[in-house]
Every structure is written in structure tokens, then in C-alpha cells.
Amino acid sequence: MLFASDLDRTLIYSDRFLKEDHVTIKAVEQGGYTSYMTLRAAELVQFIAAQILFVPCTTRTIEQYQRIQFFQNEVSLKYVVASNGGNLLINGAVDQTYRQKIDRELRQNCLPTDDLIKEFSKITTSGWIEQIKEADQLFFYCLIDRSKTPFDELRCFDNWAAKQNWQVSTQGRKLYLVPKVVNKWAAVKEILNRTGEREVFAAGDSLLDLQMLNGASYSFCPQHGELYDRYRQTSNEMALRFTDSPGITAAEEILTAVIRWTDSTPDPAMKPESKKEGSRFKEGSTVQS
Ligand SMILES: [Mg+2]
């Protein structure tokens, strides 16, 4: 059994989410950027990691992931998926065999980055983005001003990029440009191959988690974020299940469901296959406004 979970806005949260003053929280990342979990969620993560294979699956770069002291010091982890699936860490070290495979697939299947950025620059002339940064030589991200973002133009770019095997994701003020071969599910499948594990419970809140959520045996998403927004925009036609609560306490719901799952009576509604195949949400469609 393997629990594969996104981190930011799924298990850990920035201070913008700390509105619920009835919950006890702990800082899990301190320094230039601080993020939090509820104390209960932190305890549940430690409990789960001691029972089954828990694999954090984050879009953060390796360096950004390493800033989360909780996962460095308070949870025992063998595998970590970083860089949105572009890097697989085993006992803290980058697995070079996996990385070389990803680099090879990138060269073979996706438009070269220079060409993608050149096309993207055509819609970034009106000052709605800050400096574009490259993440672990795999993908790009930048901060955006949503009030100035030309979402129609971005939608057109997204459609074009999808044909070049790139994906666009907007999460709050962050916009990501990610090659499709760099995805969390590819890394989780690699772990499944290596460990012989078969059953996966996945959790995540963004389009960059969707392939993993659809590929897993069971999935659960917070009632907030990019996927939940899309769920509401598409008349609820998504084969995903969302928590009852939005915000930081969604993590506790997800983790409690994982424990129920390990106790062997999973809720069938969490199984993607139990939903109508035709209604499954497709990635790479449009960018939300
Ligand atoms: Mg997230």
C-alpha cells in the first residue's frame, strides 16, 4: 500500500490558510517561507508513514522541498517525489537512473524549452508576470498578478502548449509551465515497479496532481484549489472526490481516509473506476479565470 500525496495546499499550508482559530497548528517549514500543518494532521502523517509507504509528491524543487523541516526530521521516508515528478529521491539522494530517463523522454517528446518560452513571451508583455524561474532544469514557474492576467490569451497558449506536450497550471498567484513527461504519476509508477506495491491512495489539489489522482486506486482532493475550482466550473463532471471541509483541516480528512483505507474498508466512492468513464476530467484543457 502506498500513499502518494501532494504537499502544498493538500497536507501543508501557508499562513493565508490559517483562518480557523480552533485548530492547533505547528510550523513545518520555517525560514524565508513558513508553512503549517494542524497538529493532528502532523500526527496522522507520522502514524501513516510508520504503517505503509508514504511518498510526498511535490512540485517543489529539491531545494524547496528540503526546507520543510518536518519531512526532513520528523517523518521516516524512503521515497520522495520532487520537481513535480522530475526527480525521485531515495533516502534523500537523487536517483540518477530515473532522472536520466526523464531527461531522455523530455528531449524525445516535448518542445524544447527555448521554443516554449519564446511563444509564452508573446503574451507576457503587459506586466502581469514576475520573473520566470526554471525549476531543477525541468520546468518553469512565475508569480502572476491575477487582476492583470489575460486569461483568454493564456487559455489559447495553454491549448497550443498541450499540443507540444507541455501543461499550464495556475495555483493562486503561481503559474507553472511543465512538460507532460514531468509528472508525479510517472515517478509513483517507478516506485511501484521497484517495490512491488500495487495499491495507491493519492491526494492533491491541482491540475499537476490530476494524472496521479486518475492513475491511483483511490483518490481524495481538498475542497479548494485549482481542481476544486475546475470541478465547479465543469458542472461537477469530475471523477474525483473532495473533502467536506476546505482549508487546512482538509488534510485531516484526507489522512483519516487513508487510515480507514489501510484498515481495509475504503469508501468505494473514492475509486475513480467507480465513476462513469466518460465523465472523467481531462487534463490539458483550459486555464481557469
Ligand atoms: Mg498542491
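In the predicted model, strand E9 is joined to strand E11 (residues 174–179) by four bridges, and the two strands run antiparallel. Within this pairing, Leu-143 of E9 lies opposite Lys-174 in E11. On the E8 side, strand E9 (residues 139–143) pairs with E8 through three bridges, again in the antiparallel sense, and two of the facing pairs can be named: Glu-134 stands opposite Phe-140 in E9, and Ala-135 stands opposite Phe-139 in E9. The hairpin formed by E8 and E9 has three residues between the strands, and Asp-136 in this hairpin adopts a positive phi near 50°. These pairings belong to an open sheet of four strands, arranged in the order E8-E9-E11-E10 with antiparallel pairing. Because strand E8 (133–135) and strand E10 (166–171) stand at the edges and each has a single partner strand, one side of each is left without a neighbour in the sheet. Neighbouring strands of this sheet are turned against each other by 25° on average, direction ignored.

A further open sheet is built from three strands in the order E5-E6-E7, and its pairing is antiparallel. Its edge strands are strand E5 (79–82) and strand E7 (93–94), each of which pairs on one side only. Strand E5 and strand E6 (residues 87–90) are connected in the antiparallel sense over four bridges, and Val-81 has Leu-88 as its bridge partner in E6. Helix H7 (residues 184–195) packs on this sheet, where it touches E5 and E6, and the direction of H7 makes about 160° with that of E5.

The largest nonpolar core comprises 79 residues, of which Ala-4, Val-55 and Val-188 touch the most other members. Helix H10 (residues 250–262) gives the most to this core, contributing seven residues. At least three residues of the core are drawn from each of domain 1 (2–100 + 182–279) and domain 2 (111–179). When residues up to four places away in sequence are not counted, Val-188 touches Ala-4, Val-55, Cys-57, Val-81, Val-200 and Met-212; among these contacts, Val-81 is the residue whose bridge partner in E6 is Leu-88.

Helix H10 itself has 13 residues and reaches 19 Å from its first C-alpha to its last, close to the 18 Å expected at 1.5 Å a residue. The buried residues of H10 are Ala-250, Ala-251, Glu-252, Ile-254, Leu-255, Ala-257, Val-258 and Trp-261. In an α-helix, with 3.6 residues a turn, residues three or four places apart point the same way. The buried residues of H10 pack against strand E1 (2–5), strand E3 (35–38), helix H1 (39–51), strand E12 (200–203) and E13. After the helix comes Ser-264, which has a positive phi, near 85°.

Among the elements packed against the buried residues of H10 is E13, a strand spanning residues 218–220 in which Phe-220 has its place. Phe-220 is classed as buried because 27 other C-beta atoms lie within 10 Å, the cut-off for burial being 20 or more. Phe-220 and Leu-240 are 20 residues apart in sequence, and their C-alpha atoms are 6.8 Å apart in space.

Terms used:
Residues numbered from 1 in each chain as written. Predicted model: local features only at pLDDT ≥ 70, side-chain atom pairs only at ≥ 80, totals over all residues. Pairing = 2+ DSSP bridges. Axes fitted to C-alpha atoms, helices over the stretch in contact; angles between N-to-C directions. Core = buried A, V, L, I, M, F, W, Y, C linked by C-beta atoms within 7 Å. Buried ≥ 20, exposed ≤ 12 C-beta atoms within 10 Å, placed from the backbone. Domains from an automatic or database assignment. Contact = placed C-beta atoms within 7 Å. Expected span 1.5 Å × (residues − 1).
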